[in-house]
Amino acid sequence: MRVMAFDYGTKRIGIAVTDPMQMIATGLETVHPNLIVEYLKKYLQTEQVETFVVGEPKQMDNTPSQSAIHVRGFVNMLKRTFPEIPVEMLDERFTSKMASAAILAGGVKKAGRRDKALVDTVSAVILLQSWMEGRAFNR
């Protein structure tokens, strides 16, 4: 079964997913928050997901950031709508900066680097990769 990660934003949600063996994280898509439930219901008709991982926004002093209230609402919606799939939170500090650096290192042209949807999707991939690495480390 797969694991799905979300980089939540009020304008876009970056989504990443593992392969069925949970070895590789791949960017899936960026979806508007109003369309996420419909998107997930359709996705879950063809794919099995065992866990949702959601980026937890924190400030440098480890306190919740201003967007944390929106993320909590998103997590509550996931738990209500898909109660059979556990939700795990993971510190998402620096994922956007890491995503921007990865996109730059990948040789994406300047116009592509301004694509916030791409940054959100790559952020979700980094989040999911971090989750998988942490899980492997704790085994």
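This section describes the sheet, the helices packed on it and the buried cores of a predicted model.

The sheet is open and has five strands. Their order is E3-E2-E1-E4-E5, and the pairing is mixed. Strands E3 (25–31) and E5 (87–91) lie at the edges, each pairing on one side only. From one strand to the next, the twist averages 25°. Strand E1 (residues 2–8) pairs with strand E4 (residues 49–56) in the parallel sense, over five bridges. Within this pairing, Val-3 of E1 has Thr-51 of E4 as its bridge partner.

Helix H2 (residues 68–81) packs on the sheet. The helix touches E1, strand E2 (13–18), E4 and E5. Its direction makes about 170° with that of E4.

Helix H1 (36–46) also contributes to the nonpolar interior. Four of its residues, Ile-36, Tyr-39, Leu-40 and Tyr-43, are buried. These residues lie on the same side of H1, because they cover an arc of only 95° around the axis. In an α-helix there are 3.6 residues a turn, so residues three or four places apart point the same way. The cover over the buried residues of H1 includes E1, E2, E3, E4 and H2. Glu-38, Lys-42 and Gln-45 are exposed, on the face of H1 turned away from its buried side.

The largest nonpolar core holds 22 residues. Phe-6, Ile-36, Phe-52, Phe-74 and Leu-78 touch the most other members. Two or more residues come from each of E1, E2, H1, E4 and H2. H2 gives the largest share, five residues. Among the core residues, Phe-74 touches Phe-6, Tyr-8, Ile-13, Ile-36 and Val-54, with residues up to four places away in sequence not counted. Ile-36 thus appears in three settings: it is buried in H1, it is in contact with Phe-74, and it is one of the residues that touch the most other members of the core.

A second core is separate and has 11 residues. Its members include Ala-5, Ala-25, Val-53 and Val-125.

The loop between E2 and E3 contains Gln-22. Phi of this residue is near 60°, a positive value in a residue other than glycine. Gln-22 is buried, because its relative accessible area of 15% falls under the 20% cut-off.

Note on methods. Residues numbered from 1 in each chain as written. Predicted model: local features only at pLDDT ≥ 70, side-chain atom pairs only at ≥ 80, totals over all residues. Heavy atoms only, no water. Pairing = 2+ DSSP bridges. Axes fitted to C-alpha atoms, helices over the stretch in contact; angles between N-to-C directions. Contact = heavy atoms within 4.5 Å. Buried < 20%, exposed > 50% of the residue type's maximum accessible area, 1.4 Å probe, protein only. Core = buried A, V, L, I, M, F, W, Y, C linked by side-chain atoms within 4.5 Å. Arc of directions from axis to C-beta.
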